[in-house]
Amino acid sequence: MSYTLENFLGKDPSHLVEVPEFKNCMLTAETAAAFKAMHDAAVKDGLNLIPVSSYRSFDRQLTIWNEKYLGDRKVLDNHNNPVNISQLTGIEAAYAILYWSALPGFSRHHWGTDLDVAADNLMPDGYELQLVSSEYQEGGIFYPLTQWLNENMEKFGFFRPFTDNSHVRVGTELWHLSYRPEAEKFLAFVTRENIETLIRSSSIAGKYCLLNMVDELYNDYIINSDNKDLRFNA
Ligand SMILES: [Zn+2]
(Lines give C-alpha, C1' and ligand atoms only; values in the text may rest on other atoms or scores of the structure.)
Protein backbone atom coordinates (compact mmCIF):
# COMPACT_ATOMS: atom_id res chain seq x y z
CA MET A 1 0.00 0.00 0.00
CA SER A 2 1.27 3.49 -0.77
CA TYR A 3 0.54 6.45 1.43
CA THR A 4 -0.35 10.11 0.85
CA LEU A 5 0.98 13.40 2.23
CA GLU A 6 -2.23 13.75 4.24
CA ASN A 7 -1.63 10.31 5.80
CA PHE A 8 1.93 11.36 6.64
CA LEU A 9 0.83 14.63 8.24
CA GLY A 10 -1.73 12.99 10.54
CA LYS A 11 -4.61 14.67 8.73
CA ASP A 12 -6.14 11.59 7.12
CA PRO A 13 -6.19 8.30 9.09
CA SER A 14 -8.08 6.35 6.41
CA HIS A 15 -4.96 4.16 5.89
CA LEU A 16 -5.27 2.77 9.43
CA VAL A 17 -7.22 -0.01 11.11
CA GLU A 18 -8.53 -0.22 14.67
CA VAL A 19 -6.79 -3.05 16.50
CA PRO A 20 -9.54 -4.68 18.57
CA GLU A 21 -7.13 -6.59 20.85
CA PHE A 22 -5.90 -3.32 22.37
CA LYS A 23 -7.54 -0.19 23.75
CA ASN A 24 -7.49 2.93 21.53
CA CYS A 25 -5.05 1.40 19.11
CA MET A 26 -4.90 2.44 15.44
CA LEU A 27 -2.10 1.23 13.16
CA THR A 28 -1.51 0.29 9.54
CA ALA A 29 -2.72 -3.28 8.95
CA GLU A 30 0.83 -4.59 8.46
CA THR A 31 2.10 -2.86 11.62
CA ALA A 32 -0.86 -4.25 13.57
CA ALA A 33 -0.14 -7.82 12.39
CA ALA A 34 3.56 -7.53 13.28
CA PHE A 35 2.79 -6.03 16.69
CA LYS A 36 0.25 -8.75 17.51
CA ALA A 37 2.83 -11.42 16.65
CA MET A 38 5.37 -9.71 18.92
CA HIS A 39 2.75 -9.36 21.66
CA ASP A 40 2.02 -13.11 21.51
CA ALA A 41 5.73 -13.94 21.80
CA ALA A 42 6.16 -11.54 24.75
CA VAL A 43 3.15 -13.05 26.53
CA LYS A 44 4.74 -16.49 26.20
CA ASP A 45 7.78 -15.04 27.97
CA GLY A 46 5.63 -13.58 30.75
CA LEU A 47 5.32 -9.98 29.56
CA ASN A 48 1.94 -8.58 28.62
CA LEU A 49 3.27 -6.16 26.01
CA ILE A 50 0.68 -3.45 25.26
CA PRO A 51 0.59 -0.24 23.24
CA VAL A 52 0.01 2.84 25.40
CA SER A 53 -0.01 5.30 22.51
CA SER A 54 -0.24 4.59 18.79
CA TYR A 55 -1.74 6.83 16.10
CA ARG A 56 -1.99 10.48 17.07
CA SER A 57 -3.64 13.03 14.77
CA PHE A 58 -2.19 16.31 13.57
CA ASP A 59 -4.82 18.21 15.58
CA ARG A 60 -3.92 16.35 18.77
CA GLN A 61 -0.20 17.05 18.26
CA LEU A 62 -1.01 20.70 17.48
CA THR A 63 -2.94 20.99 20.76
CA ILE A 64 -0.03 19.48 22.71
CA TRP A 65 2.46 21.81 21.00
CA ASN A 66 0.38 24.95 21.48
CA GLU A 67 -0.37 24.20 25.14
CA LYS A 68 3.32 23.69 25.82
CA TYR A 69 4.37 26.79 23.92
CA LEU A 70 1.81 28.93 25.75
CA GLY A 71 2.75 27.52 29.17
CA ASP A 72 -0.49 25.59 29.71
CA ARG A 73 1.14 22.16 29.70
CA LYS A 74 4.27 20.85 31.43
CA VAL A 75 7.54 20.94 29.48
CA LEU A 76 10.39 18.77 30.79
CA ASP A 77 14.12 19.10 30.19
CA ASN A 78 16.55 16.27 29.46
CA HIS A 79 16.62 15.33 33.17
CA ASN A 80 12.83 15.40 33.36
CA ASN A 81 12.83 18.62 35.38
CA PRO A 82 10.12 21.17 34.54
CA VAL A 83 11.13 24.06 32.27
CA ASN A 84 9.72 27.56 32.84
CA ILE A 85 8.67 28.41 29.30
CA SER A 86 7.65 31.97 30.18
CA GLN A 87 11.32 32.83 30.86
CA LEU A 88 12.50 31.67 27.44
CA THR A 89 12.61 33.42 24.08
CA GLY A 90 10.35 32.01 21.38
CA ILE A 91 13.20 30.09 19.77
CA GLU A 92 14.43 28.72 23.12
CA ALA A 93 10.89 27.60 23.91
CA ALA A 94 10.68 25.74 20.59
CA TYR A 95 13.98 23.93 21.30
CA ALA A 96 12.83 22.99 24.80
CA ILE A 97 9.57 21.51 23.50
CA LEU A 98 11.29 19.68 20.64
CA TYR A 99 13.38 17.67 23.09
CA TRP A 100 10.38 15.46 23.89
CA SER A 101 7.65 16.55 21.47
CA ALA A 102 7.41 16.56 17.71
CA LEU A 103 6.48 19.42 15.50
CA PRO A 104 2.82 18.80 14.52
CA GLY A 105 2.83 17.12 11.09
CA PHE A 106 6.24 15.59 11.77
CA SER A 107 5.49 13.10 14.52
CA ARG A 108 6.10 9.45 13.71
CA HIS A 109 2.89 8.82 15.64
CA HIS A 110 0.94 10.26 12.69
CA TRP A 111 1.93 7.32 10.49
CA GLY A 112 0.36 4.34 12.26
CA THR A 113 3.74 2.58 12.17
CA ASP A 114 5.00 3.75 15.56
CA LEU A 115 3.84 3.13 19.10
CA ASP A 116 4.81 3.60 22.72
CA VAL A 117 4.75 0.37 24.71
CA ALA A 118 4.64 -0.92 28.27
CA ALA A 119 3.93 -4.28 29.96
CA ASP A 120 0.84 -4.03 32.10
CA ASN A 121 1.69 -7.02 34.29
CA LEU A 122 4.80 -5.14 35.49
CA MET A 123 2.71 -2.21 36.74
CA PRO A 124 1.46 -2.24 40.34
CA ASP A 125 -2.29 -1.54 40.76
CA GLY A 126 -3.08 2.13 40.27
CA TYR A 127 0.37 2.87 38.82
CA GLU A 128 0.45 6.01 36.74
CA LEU A 129 2.59 5.53 33.69
CA GLN A 130 4.91 8.46 33.00
CA LEU A 131 6.94 7.33 29.98
CA VAL A 132 10.23 8.53 31.47
CA SER A 133 13.68 6.98 31.13
CA SER A 134 13.92 5.86 34.77
CA GLU A 135 10.97 3.48 34.24
CA TYR A 136 12.68 1.69 31.34
CA GLN A 137 16.32 1.72 32.43
CA GLU A 138 18.06 -0.67 34.81
CA GLY A 139 16.28 -0.50 38.16
CA GLY A 140 13.00 0.69 36.60
CA ILE A 141 9.77 -1.33 36.57
CA PHE A 142 9.89 -1.88 32.81
CA TYR A 143 13.55 -2.88 32.63
CA PRO A 144 12.63 -6.55 31.96
CA LEU A 145 10.59 -5.30 28.99
CA THR A 146 13.52 -3.20 27.73
CA GLN A 147 15.73 -6.30 27.86
CA TRP A 148 13.15 -8.47 26.13
CA LEU A 149 12.74 -5.90 23.34
CA ASN A 150 16.52 -5.61 22.95
CA GLU A 151 16.62 -9.34 22.30
CA ASN A 152 13.48 -9.79 20.24
CA MET A 153 12.03 -6.72 18.54
CA GLU A 154 14.18 -6.92 15.42
CA LYS A 155 12.81 -10.39 14.64
CA PHE A 156 9.40 -8.77 14.30
CA GLY A 157 10.61 -5.77 12.26
CA PHE A 158 10.65 -3.20 15.07
CA PHE A 159 13.39 -0.75 16.07
CA ARG A 160 13.76 2.25 18.36
CA PRO A 161 14.20 5.50 16.40
CA PHE A 162 15.15 7.60 19.47
CA THR A 163 18.11 5.93 21.10
CA ASP A 164 21.17 7.61 19.65
CA ASN A 165 22.83 9.03 22.75
CA SER A 166 25.30 11.08 20.76
CA HIS A 167 22.37 13.08 19.43
CA VAL A 168 21.70 15.32 22.39
CA ARG A 169 18.89 17.39 20.94
CA VAL A 170 16.21 14.70 21.23
CA GLY A 171 15.56 12.49 24.23
CA THR A 172 16.19 8.74 24.27
CA GLU A 173 12.86 6.93 24.26
CA LEU A 174 13.18 3.27 25.15
CA TRP A 175 9.40 2.91 24.98
CA HIS A 176 8.98 4.14 21.40
CA LEU A 177 9.01 1.45 18.69
CA SER A 178 8.70 1.74 14.95
CA TYR A 179 7.79 -0.95 12.43
CA ARG A 180 10.53 -0.40 9.89
CA PRO A 181 9.04 -1.96 6.71
CA GLU A 182 6.02 0.35 6.91
CA ALA A 183 7.71 3.45 8.40
CA GLU A 184 10.12 3.52 5.46
CA LYS A 185 7.22 4.19 3.12
CA PHE A 186 6.71 7.61 4.72
CA LEU A 187 10.26 8.88 4.34
CA ALA A 188 9.77 10.40 0.89
CA PHE A 189 7.50 13.04 2.44
CA VAL A 190 10.32 14.43 4.56
CA THR A 191 11.39 17.53 2.65
CA ARG A 192 12.23 21.11 3.66
CA GLU A 193 9.41 22.27 1.45
CA ASN A 194 6.82 20.13 3.24
CA ILE A 195 8.05 21.38 6.64
CA GLU A 196 7.84 25.02 5.58
CA THR A 197 4.46 24.68 3.87
CA LEU A 198 3.00 22.94 6.87
CA ILE A 199 4.22 25.57 9.37
CA ARG A 200 3.03 28.41 7.13
CA SER A 201 -0.45 26.95 6.72
CA SER A 202 -1.09 25.88 10.33
CA SER A 203 -2.14 27.73 13.45
CA ILE A 204 0.95 26.65 15.35
CA ALA A 205 2.17 28.76 18.27
CA GLY A 206 5.58 30.27 17.56
CA LYS A 207 4.99 30.14 13.81
CA TYR A 208 7.39 32.97 12.94
CA CYS A 209 10.20 31.56 15.06
CA LEU A 210 9.68 28.17 13.46
CA LEU A 211 9.77 29.60 9.94
CA ASN A 212 13.29 30.86 10.76
CA MET A 213 14.29 27.38 11.95
CA VAL A 214 13.27 25.25 8.96
CA ASP A 215 16.83 24.18 8.13
CA GLU A 216 17.54 23.23 11.74
CA LEU A 217 14.23 21.43 12.08
CA TYR A 218 15.08 19.44 8.99
CA ASN A 219 18.75 18.71 9.81
CA ASP A 220 18.69 18.26 13.57
CA TYR A 221 15.21 17.19 14.56
CA ILE A 222 13.88 15.26 11.61
CA ILE A 223 16.92 14.00 9.77
CA ASN A 224 19.76 13.21 12.15
CA SER A 225 22.50 14.84 10.10
CA ASP A 226 25.21 12.62 11.66
CA ASN A 227 23.94 9.42 10.12
CA LYS A 228 21.02 10.59 7.95
CA ASP A 229 18.75 8.33 9.89
CA LEU A 230 15.28 9.69 10.33
CA ARG A 231 14.28 10.56 13.84
CA PHE A 232 11.07 12.51 14.27
CA ASN A 233 10.05 13.12 17.80
CA ALA A 234 7.48 11.29 19.83
ZN1 LIG B 1 6.32 7.79 21.04
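**Pockets and sheet in the predicted model**

The largest pocket is lined by 26 residues. Those nearest its centre are Lys-68, Arg-73, Trp-100, Gln-130 and Leu-131. The structure described here is a predicted model. The space in this largest pocket amounts to about 780 Å³. Its lining comprises 13 nonpolar, 7 charged and 6 polar residues. Strand 3, helix 3 (58-69) and helix 4 (90-98) each contribute at least two lining residues. Helix 3 gives the largest share, with 4 residues.

The second largest pocket holds about 280 Å³ of space. One part of its lining is formed by Phe-22, Lys-23, Asn-24 and Cys-25. Ile-50, Pro-51, Val-52, Ser-53, Ser-54 and Tyr-55 also line this pocket, as does Asp-120. By class, the lining of the second largest pocket has 6 nonpolar, 3 polar and 2 charged residues.

The sheet comes next. It is open and contains 4 strands, in the order 3-4-6-5. Pairing is antiparallel. Strand 3 (49-53) and strand 5 (158-159) are the edge strands, and each pairs on one side only. Strand 4 (residues 114-119) pairs with strand 6 (residues 176-179) in the antiparallel sense, over 3 bridges. Leu-115 has Leu-177 of strand 6 as its bridge partner.

Two helices lie across strands of this sheet. Helix 2 (residues 29-44) lies across strand 3, strand 4, strand 5 and strand 6. Helix 2 runs at about 135° to strand 3. Helix 6 (residues 143-152) lies across strand 3, strand 4 and strand 6. The angle between helix 6 and strand 4 is about 130°.

Notes: Residues are numbered from 1 along each chain as its sequence is written. This is a predicted model: local features need pLDDT of at least 70, side-chain atom pairs count only at pLDDT 80 or more; totals for chains, interfaces and linings use all residues. Side-chain values use heavy atoms; hydrogens and water are left out. Two strands pair if DSSP finds at least two bridges between them. Contact means heavy atoms within 4.5 Å. Axes are lines fitted to C-alpha atoms, for helices over the stretch in contact, and angles run from 0 to 180 degrees between N-to-C directions. On a 1 Å grid over the protein atoms alone, a cavity is a set of points where a 1.4 Å probe fits but cannot get out, and a pocket is an open set with protein on both sides within 12 Å along at least five of seven lines; lining residues have an atom within 4 Å of a point. Grid points are joined across faces, edges and corners, and a volume is the space filled by probe spheres set on the points. Ala, Val, Leu, Ile, Met, Phe, Trp, Tyr, Cys and Pro count as nonpolar, Asp, Glu, Lys and Arg as charged, and the others, Gly among them, as polar.
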